[in-house]
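This report looks at how charged side chains pair up in the structure shown below.

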Amino acid sequence: MSVHVSVRPREVRAPPEPYKVKVVEAIPDPSLEQREAALVRGGFNLFNLTSDEVHIDLLTDSGTSAMSDRQWSAMMVGDESYAGSRNFARFEATVQTLTGFPHVIPTHQGRAAENLLFSTLVRAGHIVPNNMHFDTTRTHVLRNGATPVNLVVRAAYDCDDPAPFKGNVDVDRLERLLDGEGRGKVPLVMVTLTNNTGGGQPVSLRNLEEVSTVCRAASVPLYLDMCRWAENAYFIRERERGQGSRSIREIGRSIFDLAEGATMSAKKDGLVNIGGFLVTRDAALADKLREALIVFEGFPTYGGLARRDLEAMAVGLEEATELPYLEHRIGQVRYLAALLDAEGIPFMRPPGGHGIYLDARRFLPHLGRKELPGQALVVEIYREGGVRTVEVGGIMFGDADGGTEISEPLELVRLAIPRRVYSASHLEFVAEVIAKVHRRRNEIRGMRMVHAPEHLRHFTARFEPLAPPAPAEGAVASARPRRAARSRGSRPA
Ligand code: F0G
């Protein structure tokens, strides 16, 4: 694997892995012909590909983590009792210790927690503010007849702004909303850590304190979407005055102490393949949520999961707070950023916690908004090297969704890095593929949507190239890096 990669500048060093490998999984290597066929069969939507058609999968960091040996051994102590399993007791105690929230409601994943919370608290005519809603969060708000409002700071929409906390809430706008038209109409305020939709950017502790003060003054509960809270805490530790010597767990407690509760997809900072939960301080609300839980998910001591899953989640939640793990994790994102930077590739800065977000408008400036530049880029990156990414822009948050006109100012392509899965050489390969697409960017044509579902359309939409696809000139016949070309130090054509 020690191939020389042309895009790596000498001064850029890959972060050393704080683990060694015990089990390996072969990576498929579809040919260019297979990739072309897969695109056509899948309606140019990469959610429709089979994993055998993907070489490097950066579709999501959710549920794609490699579990540790400690987590796998935790699976073996699963006590599969329907009620009162000892795994639930361990899981509950872990979540209570990490977060300080007394009521812990397990769910099979994050959106199930959102469903319980929003269907219980949100009614038609309500307004739900968030720094930026993730797609499932937004859809739950819409499904309950309410209006999602994004109140992130302006810097979030400027890919070049180097501000350290671009996930922050615009507190003045929140205050105006709660004083004005939102008075009595806001059942809860949410803040998403980190801001996935806006580049995985963190929220500062200071901003959370201000949001919490405003919410308490208006008697509106503050809930956190804590999917990537440990990554967020890492940035707080690194960038916020006075936080540098505190542990991730201490910072976490400072964060959680400011809120009434939280939803969690443990598929992110819980390092499991499935799992989530909902936590709250409100005992009466917890009773209602548990009633809904029994109908939709299962008994309160398993919540739609096997008990062994709860045990693995308890271990994963703790491992995700360890500094060597987080240093490597964020280091991988920064390594990929440095490789892309050396090639002049436009992406959201500073790099976020769980991936790189390419700026599709600047990558493909010749394509207008209607020509779906994000999706065109997603398709070309796959065509070039079998790398699967996802559009986070006009399609995910576009006009037709829920019948709401939302002008989305960002058009991004996310390269989400699964936790503990890929090596530095995989990231080098990804950078090389993107650099090759960048060199032939002027030939890339737009796309149009030929099937547009009403909600969450990026999952099932189908597309067509606007003109016959440009021949993938110089596309490697196999997705695997070519050792011979590299060893001559030559650039891929
Ligand atoms: N909130 C945020 C911020 C998310 O990123 C996700 C999922 C969810 C809630 C829902 O959690 O998937 O466990 O139901 N994000 C994944 C992604 C799907 O690719 O970013 P879930």
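A residue is called buried when its relative accessible area is under 20%, exposed when that area is over 50%, and partly exposed in between, with a 1.4 Å probe and protein chains only. The model is predicted, so local features need pLDDT of at least 70 and side-chain atom pairs count only at pLDDT 80 or more, whereas totals for chains, interfaces and linings use all residues. Residues are numbered from 1 along each chain as its sequence is written, and side-chain values use heavy atoms, with hydrogens and water left out.

Side chains of opposite charge can pair when their charged atoms come close. A salt bridge here is a side-chain nitrogen of Lys or Arg within 4 Å of a carboxyl oxygen of Asp or Glu, and by this rule the count comes to 30 salt bridges. Among them are these pairs:

| Pair | Closest N to O |
|---|---|
| R419 and D61 | 3.0 Å |
| D160 and R362 | 2.7 Å |
| R253 and D257 | 3.8 Å |

R253 counts as partly exposed at 32% relative accessibility, and D257 is partly exposed as well, with a relative accessible area of 40%. Elsewhere, E36, E380, R383, E384, K436 and R440 are joined into one network by salt bridges that share partners.

In the salt bridge between R419 and D61, whose closest N and O atoms are 3.0 Å apart, both residues are buried. In the salt bridge between D160 and R362, by contrast, D160 counts as partly exposed at 41% relative accessibility, and R362 counts as partly exposed at 44%.
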